[in-house]
Amino acid sequence: MTGRDDDASDRAQARQANDNRSSEIIVSGSADNRVTLSVTGDLLFITVENEAGLSDVRACLQEALSRGMVRTNMLTLVDATRFHGIVEWEVLYDIVKLAPWGSAPPPESRVAYVARDGFFFQLVKIAASIFPRANHRLFTDRLEALEWLREAQLSA
């Protein structure tokens, strides 16, 4: 499967999860090492591929905020199943400063991380301490992550 097929799959799942509402997409990085941010309805999807850095995540979020695409309490799926890079901690703290993440009114702010294995567990714990107003959870299955995010939509 190519990266483009994966992008199409991401958009299809996003549309299914949000009653086929339209999607907006922002991409940062190179063809091989990129971050794709898309918003479909009430769900924010961030896909990090290969050696893309957090600086690309920051660039996508900055643009999305400037366009009014994201809210600080959006239900978010971060797909890191194809990520093979390093975590740039200083950039993560820059992302914290972009907006008061998790501070908007309900629904509860949730971030689902999808990774190949449990290696990301410690990273998710760190992210939860840096972004304390959101509920963070690690998954190895994308559909389970989407179901967990949908639970928050239904309870709102």
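## What counts as exposed

A residue is called buried when its relative accessible area is under 20%, exposed when that figure is over 50%, and partly exposed in between. Take N50: its relative accessibility is 28%, so N50 counts as partly exposed. That yardstick comes back several times below. One thing to know before going on is that this is a predicted model.

## The overall layout

Let's start with the whole chain. Its secondary structure comes to 5 helices and 6 strands. If you walk along the sequence, these elements appear in the pattern α-β-β-β-α-β-α-β-α-β-α.

How much of the chain is buried? Of its 156 residues, 47% count as buried. The chain exposes about 8,000 Å², and 50% of that is supplied by carbon and sulfur atoms. Now look at the contacts between residues at least 6 apart in sequence: 71% of them join residues at least 24 apart.

## Empty space inside

Rolling a probe the size of a water molecule over the atoms shows where empty space is left. Here, the structure turns out to hold 2 cavities of 30 Å³ or more. The largest cavity has a volume of about 640 Å³.

Who lines the largest cavity? There are 33 lining residues, and V57, V78, L92, Y113 and F131 are the ones that lie nearest its centre. Several elements give two or more residues to this lining: β3 (43-50), α2 (54-67), β4 (75-83), α3 (89-98), β5 (110-114) and α4 (121-130). Of these, β4 gives the most, with 4 residues. Sorted by class, the lining has 25 nonpolar residues, 6 polar ones and 2 charged ones.

## Salt bridges between strands

The structure holds 7 salt bridges. One of them pairs E49 with R82, whose closest N and O atoms are 3.9 Å apart. E49 sits in strand β3 and R82 in strand β4, so this pair ties together parts that are 33 residues apart in sequence.

Are these two partners buried or exposed? E49 has a relative accessible area of 6%, so E49 is buried. R82 counts as buried too, because its relative accessibility is 17%. The story doesn't end with two residues, either: salt bridges that share partners join R34, E49 and R82 into one network.

## Salt bridges that involve helices

Next up is the pair D94 and R58, whose side chains meet in a salt bridge at 2.8 Å, N to O. D94 belongs to helix α3 and R58 to helix α2, so the bridge ties together parts that are 36 residues apart in sequence. D94 has a relative accessibility of 28%, so D94 counts as partly exposed. R58 is also partly exposed, because its value is 21%; the cut-off for buried is under 20%.

A further salt bridge joins E151 and R110, with the closest N and O atoms 3.7 Å apart. This pair links distant parts of the chain: E151 is in helix α5 (residues 142-155), R110 is in strand β5, and they are 41 residues apart. What about their surroundings? At 47% relative accessibility, E151 counts as partly exposed, whereas R110 is buried, with a relative accessible area of 11%.

## A buried alanine in helix α2

Helix α2 also holds A64. Its relative accessibility is 0%, so A64 counts as buried.

Which residues does A64 touch, leaving aside its neighbours within four places in sequence? A64 is in contact with I26, L37, M69 and V70. Take L37 from that list: A64 and L37 are 27 residues apart in sequence, and in space their C-alpha atoms are 8.2 Å apart.

## Back to N50

Let's finish with the residue we met at the top. N50 lies in strand β3, the strand that also holds E49. Most residues other than glycine have a negative phi. N50 goes the other way: its phi is near 55°, a positive value in a residue other than glycine.

Note on methods:
Residues numbered from 1 in each chain as written. Predicted model: local features only at pLDDT ≥ 70, side-chain atom pairs only at ≥ 80, totals over all residues. Heavy atoms only, no water. Buried < 20%, exposed > 50% of the residue type's maximum accessible area, 1.4 Å probe, protein only. Contact = heavy atoms within 4.5 Å. Areas by Shrake-Rupley, 256 points an atom, 1.4 Å probe, with all protein chains shown as cover. 1 Å grid on protein atoms, 1.4 Å probe; cavity = no way out; pocket = protein on both sides within 12 Å on 5 of 7 lines; lining within 4 Å. Points joined across faces, edges and corners; volume = space filled by probe spheres on them. Nonpolar A, V, L, I, M, F, W, Y, C, P; charged D, E, K, R; others polar. Salt bridge = Lys/Arg side-chain N within 4 Å of Asp/Glu carboxyl O.
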